[in-house]
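This report walks through one structure, part by part. Have the sequence and the 3D view open as you read.

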Number of protein chains: 2
Amino acid sequence: MHNSQVSAETWSIAELATEYAVTLRTIRFYEDRGLLTPERRGTARVYHPRDKVRLGLILRGKRLGFSLDEIAKIVDMYDAEPGEEGQLVYLLDQITHRRAELEQRRRDIEETLADLSEVETRCRADLSALRWERPPGS
Amino acid sequence: MHNSQVSAETWSIAELATEYAVTLRTIRFYEDRGLLTPERRGTARVYHPRDKVRLGLILRGKRLGFSLDEIAKIVDMYDAEPGEEGQLVYLLDQITHRRAELEQRRRDIEETLADLSEVETRCRADLSALRWERPPGS
DNA sequence: CTTTACGTTTACGTAAGCGTCAAGCACGAA
DNA sequence: TTCGTGCTTGACGCTTACGTAAACGTAAAG
């Protein structure tokens, strides 16, 4: 073990890939789209904590069904420099917008979960009905 | 008004399209993928309440970021015939699966909303800081 | 030196989810 | 009959988000 001092400060592409269960291709693709900007050590990519966090955010965004373009905007909000007033106002506006979207999604999820429970109830009823007419052990 | 009696029992493709704010193309595409099966009156499509409900479910599924294939499975669960035991067991399994997915998504949403609140707080702080150093009316 | 592991770029392939014509039927009004 | 309106079926195009080779570089280990 030759890097016990600064260990876990940076990662290779393969390390990130296995940790987040994505392919190398995927990670490179995200870089291509400007979502990740790893350091280069020679030709190889070196990922810093910032990149790792961003990858996590990207994947969470994907689970939420956002497109990479949308994710780019969201993720860039996180490490935006204070900037000028107009920029800040724009950011706050974006936040309001995203929040509304997410709350709609949450409602959709609640509804769908409720529907699933209904289907499940019906399903269990059908099942026990089946087992009545054809008693256990047939 | 010549159809005041059985009105709202069936709909044309255009009616559904405007009501749900999608294009005709989209609706036909969903039919092509087996998600909708409208009646045919001559050459025209006639949509019954069942189709309308399904379209609503499809669009909700889309908002949740499911693919049409996944949506097909989900939606088909809703109006599955009682069927045999194996089928019912399969269905219950699917329900468990979907529920897990949705709950993951809900967690993702909660986290993202929390993050957004953080960014917002930081943003508002930066903003008021700016307005302090450069007092109102500059 | 050769193998092995790990990485690189370039580039074509593909499935999903429609948009966008083009060309034509059906039907009521003028 | 002709027009307009609404609907129909192809069929091609496009973007997104990668998969999948192909062909090559680099560096440590045997």
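How many Å separate the centres of domain 1 of chain A and domain 2 of chain A, taken over C-alpha atoms? The centres lie 28 Å apart. This is a predicted model, and every value below is computed from it.

## Two domains in chain A

The domain assignment splits chain A into domain 1, residues 1-79, and domain 2, residues 81-138. Each domain brings 8 residues to the contact. Together they bury about 690 Å². Carbon and sulfur atoms give 60% of that area.

On the domain 1 side, three residues lose the most area to domain 2 of chain A: A:Leu64, A:Phe66 and A:Met77. They make up 61% of what that side buries. By class, the domain 1 side of this contact has 4 nonpolar, 1 polar and 3 charged residues. The count of salt bridges between the two domains of chain A is 0. Polar contacts come to 1 residue pair, with both residues at pLDDT 80 or more.

## Chain B against chain A

Now the protein-protein interface. Here 41 residues of chain B contact 40 residues of chain A. The buried area is about 4200 Å², and carbon and sulfur atoms give 65% of it. B:Arg60, B:Ile109 and B:Leu116 supply 14% of the area that chain B buries against chain A. No other three residues supply more.

How many salt bridges does the rule find across the interface of chain B and chain A? It finds 12. In one salt bridge, the side chain of A:Arg131 meets that of B:Glu85, at 2.8 Å from N to O. Polar contacts between chain B and chain A number 22 residue pairs, both residues at pLDDT 80 or more.

Three helices of chain B each supply at least two residues of the side that touches chain A: H3 (49-63), H4 and H5 (85-133). H5(B) provides the largest share, 30 residues. By class, the side of chain B that touches chain A holds 18 nonpolar, 5 polar and 18 charged residues.

## The surface near DNA strand C

Turn to the DNA. DNA strand C is surrounded by 19 residues. The closest are A:Arg45, B:Thr23, B:Tyr30, B:Lys62 and B:Leu68. By class, this surface has 8 charged, 6 nonpolar and 5 polar residues.

Both chains take part. From chain A, helix H1 (13-20), helix H2 (24-32) and strand E2 (44-46) each supply at least two residues of the surface. From chain B, helix H2 (24-32) and helix H4 (68-78) each do so too. Which element gives the most to the surface near DNA strand C? It is H2(B), with 4 residues.

## Backbone and base contacts

Consider the atoms of DNA strand C within 4 Å of the protein. Of these, 68% belong to sugar or phosphate, and the rest belong to bases.

Individual atom pairs show both kinds of partner. B:Lys62 has a side-chain N or O atom 2.7 Å from a phosphate oxygen of DNA strand C. A polar side-chain atom of A:Ser12 lies 3.2 Å from a phosphate oxygen of DNA strand C. B:Arg25 pairs with a base: an N or O atom of its side chain is 3.0 Å from a base oxygen of DNA strand C.

Terms used: Residues numbered from 1 in each chain as written. Chains lettered and ligands numbered in written order. Predicted model: local features only at pLDDT ≥ 70, side-chain atom pairs only at ≥ 80, totals over all residues. Heavy atoms only, no water. Near = heavy atom within 4 Å. Polar contact = N/O pair within 3.5 Å; in protein donor to acceptor, adjacent residues only side chain to side chain. Nonpolar A, V, L, I, M, F, W, Y, C, P; charged D, E, K, R; others polar. Contact = heavy atoms within 4.5 Å. Buried area = accessible area lost by both parts, 1.4 Å probe. Salt bridge = Lys/Arg side-chain N within 4 Å of Asp/Glu carboxyl O. Domains from an automatic or database assignment.
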